Amino acid sequence: MIRVAILTMSDKGSRGEREDESGEVIKKMVKEIPAEVVFYEIIPDEIEIIKDRLISVSDSEKADIIITTGGTGVSPRDVTPDATLQVIEREIPGMAEAMRMESIKKTPRAMISRAVAGIRKKTLIINLPGSPKGVKENLEVILPALSHAVEKIKGDASECAS
């Protein structure tokens with residue numbers, strides 16, 4: 001069973017002023033992998049807090065995948081990709097590219113997404129947008145590849161060709 005951590009970046013959510021609908025969408029969707037949610041937290045859009053959580057969750061080996069939601073746009077408080085880039089060791093640009101490519105078919109606003117995906121130690125970290133609709137549409141794109149990605153990150157040496 002794949003272990004998933006969910007981090008929601010939301011100033012209002014972290015103060016209890018907004019319900020985290022996006023995190024709920026992630027919880028439901030990852031069951032398809034199959035996966036279990038082993039960690040969940042709503043934190044403010046603060047780069048140092050985001051970095052700290054990404055590091056602590058990945059380094060403790062609590063999760064195989066950390067999925068973030070929120071903070072991927074271009075507003076001044078959108079710092080999730082910046083924090084992620086500072087903690088990952090290897091980027092996986094294809095995941096973010098695939099999400100943007102599919103999303104742009106639905107809205108031109110997708111081209112301003114700065115979401116990234118990458119690896120820290122043995123943990124896959126993926127940034128998703130903050131809206132429930134955006135989470136669903138983006139996660140649907142990469143969900144079929146997540147199990148294989150986790151296997152490879154953990155050291156599976158079998159051939160990838162199908």
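Which residues is Ile 126 in contact with, leaving aside its neighbours within four places in sequence? Select Ile 126: the residues in contact with it, beyond those four places, are Ile 65, Ile 66, Ile 67, Thr 68, Met 95, Met 99, Val 116, Ala 117, Ile 142 and Leu 146. Contact here means heavy atoms within 4.5 Å.

The model is predicted: local features need pLDDT of at least 70, side-chain atom pairs count only at pLDDT 80 or more, and totals for chains, interfaces and linings use all residues. Residues are numbered from 1 along each chain as its sequence is written, and side-chain values use heavy atoms, with hydrogens and water left out.

**Stop 1: the sheet**

Display the strands next. Helices (H or I, at least four residues) and strands (E, at least two) are DSSP runs, numbered from the N terminus. Six strands form an open sheet with mixed pairing, in the order S2-S1-S3-S6-S5-S4. Two strands pair if DSSP finds at least two bridges between them. At the edges are strand S2 (35-43) and strand S4 (90-91), each of which pairs on one side only.

Begin at the S4 edge. S4 and strand S5 (residues 117-120) run antiparallel and are joined by two bridges. To locate one of the partners, select Arg 90 and then Ile 119, its bridge partner in S5.

Now move to S3. S1 and S3 run parallel and are joined by five bridges; select Ala 5, whose bridge partner in S3 is Ile 66. S3 also pairs with S6, in the parallel sense and over five bridges, and here Ile 65 has Leu 124 as its bridge partner in S6.

Is S3 enclosed, or is it open to the outside? Five of the five residues of S3 are buried, so the strand is largely enclosed by the rest of the structure. Buried means under 20% relative accessible area, exposed over 50% and partly exposed in between, with a 1.4 Å probe and protein chains only. In a regular strand the side chains alternate between the two faces of the sheet. Colour Ile 65, Ile 67 and Thr 69 for one side of S3 and Ile 66 and Thr 68 for the other; both faces are covered.

**Stop 2: helices across the sheet**

Select helix H5 (residues 93-103), which lies across S4, S5 and strand S6 (123-128) and runs at about 25° to S6. Then add helix H6 (residues 132-153), which lies across strand S1 (2-9), strand S3 (65-69), S5 and S6 and runs at about 170° to S6. Axes are lines fitted to C-alpha atoms, for helices over the stretch in contact, and angles run from 0 to 180 degrees between N-to-C directions.

Keep both helices in view. The axes of H5 and H6 come within 8 Å and cross at roughly 155°. That makes H5 roughly antiparallel to H6, since angles under 35 degrees count as roughly parallel, over 145 as roughly antiparallel, 65 to 115 as roughly perpendicular and the rest as oblique. At their interface, Met 95, Ala 98, Met 99, Glu 102 and Ser 103 in H5 meet Asn 138, Val 141, Ile 142, Leu 146 and Ala 149 in H6.

Bring in H2. The axes of H2 and H6 come within 8 Å and cross at roughly 25°, which makes H2 roughly parallel to H6. Among the residues making this contact are Val 25, Ile 26 and Met 29 of H2 and Val 135, Leu 139 and Leu 143 of H6.

**Stop 3: the nonpolar cores**

A nonpolar core is a set of buried Ala, Val, Leu, Ile, Met, Phe, Trp, Tyr and Cys residues joined through side-chain atoms within 4.5 Å. In the largest, of 26 residues, Ile 65, Ile 126, Leu 139 and Leu 146 touch the most other members. At least two residues of this core come from each of S1, helix H2 (21-29), S3, H5, S5, S6 and H6. H6 gives the most, with eight residues. A second, separate core has 15 residues, including Ile 50, Ile 66, Ala 83 and Val 87.

**Stop 4: two single residues**

Select Thr 80, found in helix H4 (residues 80-87). Thr 80 is buried, with a relative accessible area of 0%. Beyond its neighbours within four places in sequence, Thr 80 is in contact with Met 9, Ile 50, Thr 68, Gly 70, Gly 71 and Asn 127.

Finish at Ala 35 in strand S2. Ala 35 counts as buried, at 8% relative accessibility. Not counting residues up to four places away in sequence, Ala 35 touches Met 1, Ile 2, Val 4 and Val 30. Draw a distance to Ile 65, 30 residues apart from Ala 35 along the chain: the C-alpha atoms are separated by 9.6 Å.
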